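Welcome, and please open your viewer. We will go from stop to stop, with something to select at each one.

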Amino acid sequence: MKRQFLRFIVVGLISTAVSYGVFFIALHFFSLYYLVSSALGFFSGVVVGFFCNKSWTFEASDKSHKDIIAKYFLVYLISLFIGMGCLKILVDFFHLSPELANFLIIGVTTCTNFIGVKFLVFKK
């Protein structure tokens, strides 16, 4: 499990870079609302993370692809709502910048994601 968690962190770093990059571009270059920008970034990172986690972190077989994709996206959808709720609170009530608040919620969603993916999606 330690090896999987370390791989999950590496994949998470890559996915987070993609996610934050899309968030930043949507927010600053396309002037989208910060919650919309965050959702777009989040889903971009989820797609990258799915393929990396499936093949490298949890080494799931190709034939299980259809069985796990719905569960994987459900875990991340729940995590999205948790993250968006935290983002809204940090920005609107604590007056943090959307950029900083979005960065801070990564820790919360990383924990919920690993638990959900490990025990619900790629369980062996």
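How many aromatic pairs does the count come to? Keep that in mind during a look at the whole chain. This is a predicted model.

**The whole protein**

Start with a cartoon view. The secondary structure comes to 4 helices and 0 strands, and from the N terminus on the elements run α-α-α-α. Turn the C-alpha trace along its principal axes, and the span is about 45 × 25 × 20 Å. The radius of gyration is 15 Å, which agrees with the value near 14 Å that a compact globule of 124 residues would have.

Now switch to a surface view. The accessible surface comes to about 7,200 Å², and 76% of that belongs to carbon and sulfur atoms. Of the 124 residues, 40% are buried. Among contacts between residues at least 6 apart in sequence, 69% join residues at least 24 apart.

Colour the charged side chains next. There are 11 positive and 5 negative ones, and the centres of the two sets lie 11 Å apart.

**The aromatic rings**

Back to the opening question: the count comes to 15 aromatic pairs. For one of them, select F42 and F43. Their ring centres are 6.0 Å apart and their planes stand at 85 degrees; an angle over 60 counts as edge-to-face, so this pair is edge-to-face. A pair of aromatic rings is described by the distance of the centres and the angle of the planes.

Are F42 and F43 buried or partly exposed? F42 has 14% relative accessibility, and because buried means under 20%, F42 counts as buried. F43, at 35%, counts as partly exposed.

Widen the selection to F5, F8, F42, F43, F50, F51, F58, Y72, F73, Y76, F114 and F122. Ring pairs link these residues into a cluster.

**M1, at the start of the chain**

Select M1, which sits in the segment before α1 (2-28). Its relative accessible area is 58%, so M1 is exposed. Which residues is M1 in contact with, leaving aside its neighbours within four places in sequence? They are F114, K118 and F119. Draw a distance from M1 to K118: the two are 117 residues apart in sequence, yet 9.0 Å apart in space, C-alpha to C-alpha. F114 has already appeared on this tour, as a member of the ring cluster.

**R7, in helix α1**

Move on to R7, whose place is in helix α1. Is R7 buried or exposed? The relative accessible area of R7 is 16%, so this residue is buried. Show its surroundings and, leaving aside neighbours within four places in sequence, you will find R7 in contact with W56, T57 and E59.

**Y20, also in helix α1**

For the last stop, select Y20, which lies in helix α1 too. With a relative accessible area of 24%, Y20 is partly exposed. Which residues does Y20 touch, not counting residues up to four places away in sequence? They are E99 and N102. Now add G45 to the view: Y20 and G45 are 25 residues apart in sequence and 8.2 Å apart in space, C-alpha to C-alpha.

To finish, show the three stops in helix α1 and just before it together: M1 is exposed, R7 is buried and Y20 is partly exposed.

Technical notes: Residues numbered from 1 in each chain as written. Predicted model: local features only at pLDDT ≥ 70, side-chain atom pairs only at ≥ 80, totals over all residues. Heavy atoms only, no water. Helix = DSSP H or I, 4+ residues; strand = E, 2+ residues; numbered from the N terminus. Rg over C-alpha atoms; globule rule 2.2 N^0.38 Å. Buried < 20%, exposed > 50% of the residue type's maximum accessible area, 1.4 Å probe, protein only. Contact = heavy atoms within 4.5 Å. Areas by Shrake-Rupley, 256 points an atom, 1.4 Å probe, with all protein chains shown as cover. Lys, Arg positive; Asp, Glu negative; His and termini not counted. Charge placed at Lys NZ, Arg CZ, Asp CG, Glu CD. Phe/Tyr/Trp six-rings, centres within 6.5 Å; stacked < 30°, edge-to-face > 60°.
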